[in-house]
Structures are given as C-alpha cells and as structure tokens.
Amino acid sequence: MTLNQIKEITNNPLAPSSDTGIKLPELGWITNLDPIDIVHWLFVAVLLLTTVSLALFAFLTLRQIRILNRVLKTPLAPILTLFALLYLILTIGTLFLSFTLWIRPLF
Amino acid sequence: MHNPLSTFTFDADNIKSVRFSTQYDNESIKLFLRRHVATNFFWLFMLVLLASPALFLVFYPDLVFSFIDTSVFAQLFSHTELKLIVAIYMLGVSYYGIMNFMRWYFDVLIVTNKRVIDIALVPPFNWQVTQAQLEEVQDVRHTQGGIFGIIFNMGNIYIQTAGTSQNIAIYKVPKPNRVHELIIQLLP
C-alpha cells in the first residue's frame, strides 16, 4: 500500500510520512489526535474529579458540622451550618456548570 | 453571653452560652478554652496568598486575560473555561480555610464543676471527645516557651488522670499559667 493510498483511506493530510514506519491504514485515526486536545481533556478530567470531590467534601463537612454542633452547643452553630450549606450549594453549582460546559456538548 | 470566638472564658458561676451533649442538668461550665487566636495567623496568611491570584483576576480581568492569551493556556482553554477553573480553584482554597477554621473552633477544653472535657477535631473527618472526672485528675502541668509562646503568652496544658483514663492535653492556649491555676482551684 502506498503512502497516497493510506492518505486517501485515512482522509488525513497528516497521515504517516514515508519514514514513520506505520503501515496499517486502520491506525490512521492516531494521527488525527491533537496533543493539545489530549492535554485539554486530561485537564478537564482532573478538574471534573476535583469538583466532584469538593462537592462530596462539602456534603460531609455539612454533616460533620451538624454533628459537632450537637456535641458542642455554641451560639455560632446556626451561622456555621449556614456557611457549610452555602459552600455545598456553591460546589453543586460549580459541578453543574462543569458538566454543562464539558460533558453535555459530547452528547 | 460570652464571645463565641473567645479563646479563654472563666466564670465562677456558669458559662451559660456554651453547652455540650453529655452535660448534666446540675453541671455548670466554669472554664472554656480554645487555642490562641495567633495559631490562626499562618493558615490565614496562606489563605490570602492562595486566593490572591484569583482575586487579581476578579479585579483586573483584562490584564490577566491579555497575559493568558499570550501563553499556552490560550490554546488549551477558552475564557469561559478559565473562569470555571478559577471558580473550582477558589472552592478548593475556601475548603482549606473552612477546615482550618473548624479545626480551631472545635478544639476546646471545658472544665465543669464535675469533670474535664476535651473536644479535638482532626481534619478532615475525625474528632474525639475525651473526659475525666475531676476526682480522677492527678496532676496538672503546663509548658510555655518559644518565640511565639512568649510574644503571645500561650502554652500547652497537660492534665494527667488516674488509672486507665486517657490523659488530656490542649496546645497553645492563652495564659497557660492562669489556666493551670484555675484548674487546680476547681479540683475537689
């Protein structure tokens, strides 16, 4: 199979050059992967994991504050709970935005 | 009512604004201790340091984006994505602040007319409550020293209990000498 035939099958102007040694046209898709895209989606995966973790931590913190407020009853208890609730809402909002921006366009 | 953020409260009668879950009806809180406010300076400084790049973006967005547009980030993310990344970063920084505040707020020593109770939070999700009857207290000891210990007059309090009961300690409390004296006075 000639180089031109590979280029026709993969429909990719950046298909293997004569010195790459790649002969299989089925692997032509590899040459379509842009390193920028790979890095971008790696970052996105890490960011999504971070956001999910933060939402989980926020929920656990809210529960923790509610339990600790029962252990130690101080006048600041409602304010602490309110702050923890606000933080949870913010993390869920950010998680929702992340999904809207990065996951929804994929489907 | 005492200041809920106070680090040292003593009332010979009863501190009414604070209660704890296992408190008896006839039990009155005499002494309430928390770590010195100065122990928060480091994490507050770190919080400001970590939040400052994001705050810079809030106040000078054009300047920041003009800089970002010339960097590799412009190829990786759009402006909308960058704003979301900053939001996620700020949430992470806020969590650091919340955890440190909670660690300080829920690390207390309470001395009542019946017992000594120590509540200690170990971030992120652990805490322990230790108590000892005043009759079980065998020895009270305090240590003070170091540059910050002298500047802010703070130190550690160690309460040794009899038998298998766990010893109680609280670190970096204000006026350790006065605390030591008060605990000794409250012992039967």
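Two strands are taken to pair if DSSP finds at least two bridges between them. Helices (H or I, at least four residues) and strands (E, at least two) are DSSP runs, numbered from the N terminus. In chain B, five strands form an open sheet with antiparallel pairing, in the order β1-β3-β4-β5-β6. At its edges stand β1 (8-10) and β6 of chain B, each with a single partner strand, so one side of each is left without a neighbour in the sheet. From one strand to the next the twist averages 10°; angles here run from 0 to 180 degrees between N-to-C directions, and axes are lines fitted to C-alpha atoms, for helices over the stretch in contact.

The structure is a predicted model, in which local features need pLDDT of at least 70, side-chain atom pairs count only at pLDDT 80 or more, and totals for chains, interfaces and linings use all residues. Residues are numbered from 1 along each chain as its sequence is written, while chains are lettered from A and ligands numbered from 1 in the order in which they are written.

Strand β4 (residues 108-112) of chain B is a good place to begin a walk through the sheet. Five of its five residues are buried, so β4(B) is largely enclosed by the rest of the structure; a residue counts as buried if 20 or more other C-beta atoms lie within 10 Å of its own, as exposed if 12 or fewer, and as partly exposed in between, with C-beta atoms placed from the backbone. In a regular strand the side chains alternate between the two faces of the sheet. Here, B:Val108, B:Ile110 and B:Thr112 point one way from β4(B), whereas B:Leu109 and B:Val111 point the other way, and all are buried.

On one side of this strand, β3 (residues 29-34) of chain B is joined to β4(B) by five bridges in an antiparallel arrangement, with B:Leu31 opposite B:Val111. Strands β4(B) and β5(B), also antiparallel, are joined by four bridges, and a hairpin of two residues links them. Within this pairing, B:Ile110 has B:Ile117 of β5(B) as its bridge partner.

The next pair continues from that residue. Strand β5 (residues 115-122) of chain B and strand β6 (residues 126-133) of chain B pair in the antiparallel sense over eight bridges, and the hairpin between them runs through three residues. B:Ile117 faces B:Gln131 of β6(B), and B:Ile119 stands opposite B:Val129. A helix completes this picture: α6 (residues 176-186) of chain B lies across β1, β3 and β4 of chain B and runs at about 150° to β3(B).

By an automatic or database domain assignment, chain B is divided into domain 1 (8-35 + 107-186) and domain 2 (42-102). The centres of domain 1 and domain 2 of chain B, taken over C-alpha atoms, are separated by 40 Å.

Chain A holds three helices and one strand, arranged along the sequence as α-α-β-α. Of its 107 residues, 19% count as buried. Among contacts in chain A with a separation of 6 or more, 38% come from residues 24 or more positions apart; a contact requires C-beta atoms, placed from the backbone, to lie within 7 Å.

Helix α2 (residues 35-71) and helix α3 (residues 77-103) of chain A pack at an angle of about 160°, their axes 9 Å apart. Helices α2(A) and α3(A) are therefore roughly antiparallel to each other; angles under 35 degrees count as roughly parallel, over 145 as roughly antiparallel, 65 to 115 as roughly perpendicular and the rest as oblique. The crossing of α2(A) and α3(A) is left-handed, meaning that the near helix is turned anticlockwise from the far one by less than a right angle, with clockwise giving a right-handed crossing.

How values were computed
Contact = placed C-beta atoms within 7 Å.
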